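Visitor: I'd like to learn how to read a few features straight from a model. Could you walk me through it?
Guide: Happy to. Let's put it up and start with a single side chain.

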Amino acid sequence: MDLLINTLENGIRLVHLRIPGMVAHCGLIINTGSRDETTQEHGIAHFIEHMLFKGTKKRKAYHILSRLEDVGGELNAYTTKEETAIHASFLKEDYTRAIELISDITFHSVFPEKEIEKEKDVVIEEINSYLDNPSELIFDDFEELIFANQPIGRNILGTPESVKSFSQKKICDFISSNYNTNQMVFCSVGNIPDEKILKLFRTHFADIVTEKRADRINRTWLYKPASITKKMDTYQNHFIMGNLAYDLKDKRRMGMFLLNNILGGQGLNSRLNLSLREKHGFAYNVESSYNPYCDTGIFSIYFGTDNQYLNKSILIAMAELKKLRTSKLGSIQLSKAKNQIKGYLARGYENHESLMLSLGKSLLFFNKIDTIEDLCKKIDAVTASELLETANDVFEPSKMSTLIYK
């Protein structure tokens, strides 16, 4: 990849990849998420994401929404536990329009009181919708179980009570404390010359007032395995089990990705899918996931099943974990697992919106960007012995927590 990387005096970084095509993508990723909130601010990072679309010093909400949609483009945003992103996809001739809009809503939003009150109702409805979906809710409840009484364990949306407490001052205070220029990356993919990108980047970001802060301090995570069963009014039983795992910079992370994919990744040939769904017909939705954060990580297995199959399904899942702890992968199995991950990786690079965000996050969190060749080398370097060691560390039964909705 022939990447353009640049850093302004205020600390905002740029990464741009020029590729052929009519459509371009760009976005601003900010190293701020729900884990940066105080207890009183629970949900405010996500609420601000909503409010960025509600008016700036020169635009009302309608004009923000119409600016790109009028030319067939799309403006979007998301919030995670560690980042906030505002991004857009559009025809390449509308690049100037997109970068100016992203800069405007990020740095010049005015957060009208009337819009704040309206958006509270919208977000509370979003929370209620989430509460009605146990297959999604259980993941948040599980992280609260794993990271009990710690900011990273709280859900991203907040609660109706916390959302009702938000004010213009609270919003501005959070932004002032957390939207720091040295923790921002503007990322871009499209058929735009480097000279034009640099000029536009400087035009719309160089005058932003410098606000710098240090990276998050690595924490010591307090974790005690626990098992909880909740009575829920659902047709299915929902089950999740997991443990702490490795952070973003841990060398064992690549092996953990491999193990997770073998066990219950996106492929229909994952071990859990083959055993629980294909062989026994006990579950429709079954998956495992590994989410690394900057200083910790979490691994989990999830499935939904009828009450009569719950205990049998748990035993099958535990048996699959035991196989990975006790049986080293053979050379053919290991090669297949690596090739599958490489295939997913290559496909991801063909999704240019996803690639744009991936480039931005890599620069934001690692201050460097690995090529696909670099990543494939790291995948190839993982050994069967390392996978066995990782499996015995993360999949150890005594370290596992479980949460069941019955």
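Visitor: Is Lys-58 buried or exposed?
Guide: Keep in mind that this is a predicted model. Exposed means over 50% relative accessible area, and buried means under 20%. Lys-58 comes out at 58%, so Lys-58 is exposed.

Visitor: And which residue does the side chain of Lys-58 meet in a salt bridge?
Guide: For a salt bridge, look for a side-chain nitrogen of Lys or Arg within 4 Å of a carboxyl oxygen of Asp or Glu. Here the partner is Glu-100, with 2.8 Å from N to O. Glu-100 sits in helix α3 (residues 95-107), while Lys-58 belongs to the loop between α1 (44-51) and α2 (61-69), so this pair ties together parts that are 42 residues apart in sequence. Unlike exposed Lys-58, Glu-100 is buried, at 13% relative accessible area.

Visitor: How many salt bridges does a search of the whole structure find?
Guide: The count is 20. Another of them joins Glu-115 and Lys-118, whose closest N and O atoms are 3.5 Å apart. Both residues lie in helix α4 (residues 113-131), and because they are 3 residues apart there, about one helical turn separates them. Glu-115 is buried, with a relative accessible area of 17%, whereas Lys-118 is partly exposed at 44%.

Visitor: What about Arg-252: with which residue does it form a salt bridge?
Guide: With Asp-393, the closest N and O atoms being 3.8 Å apart. This one links distant parts of the chain: Arg-252 is in the loop between β8 (237-245) and α9 (253-264), and Asp-393 is in helix α15 (residues 384-394), 141 residues away. Arg-252 counts as partly exposed, at 39% relative accessibility, and Asp-393 is also in that class, at 25%. Elsewhere, salt bridges with shared partners join Lys-58, Arg-59, Glu-100 and Asp-104 into one network.

Visitor: Now the strands. What is the order of the strands in the open sheet of 5?
Guide: To read a sheet, go from strand to neighbouring strand rather than along the sequence. The order is β7-β11-β8-β10-β9, and the pairing is mixed. At the edges stand β7 (227-230) and β9 (283-292); each has a single partner strand, so one side of each lacks a neighbour in the sheet. From one strand to the next, the twist averages 10°.

Visitor: In which sense do β8 and β10 pair?
Guide: Antiparallel, over 9 bridges, with β10 spanning residues 297-305. To see the register, find Leu-244, which stands opposite Ile-298 in β10.

Visitor: Which helix lies across β9 and β10?
Guide: That's α9, which runs at about 180° to β9. For a close look, pick Asn-260 in that helix. Asn-260 is buried, with a relative accessible area of 9%. Its side chain makes a polar contact with the side chain of Ser-288, at 2.7 Å. Leaving out residues up to four places away in sequence, Asn-260 touches Gly-265, Ser-288, Ser-289, Tyr-290 and Phe-299.

Visitor: Last one: which residues in α2 are buried?
Guide: Ala-61, Ile-64, Ser-66 and Leu-68. To see what covers a helix, follow its buried residues to their contacts. Those of α2 pack against β4 (74-79), β5 (84-91) and α3.

Conventions. Residues numbered from 1 in each chain as written. Predicted model: local features only at pLDDT ≥ 70, side-chain atom pairs only at ≥ 80, totals over all residues. Heavy atoms only, no water. Helix = DSSP H or I, 4+ residues; strand = E, 2+ residues; numbered from the N terminus. Buried < 20%, exposed > 50% of the residue type's maximum accessible area, 1.4 Å probe, protein only. Pairing = 2+ DSSP bridges. Axes fitted to C-alpha atoms, helices over the stretch in contact; angles between N-to-C directions. Contact = heavy atoms within 4.5 Å. Polar contact = N/O pair within 3.5 Å; in protein donor to acceptor, adjacent residues only side chain to side chain.
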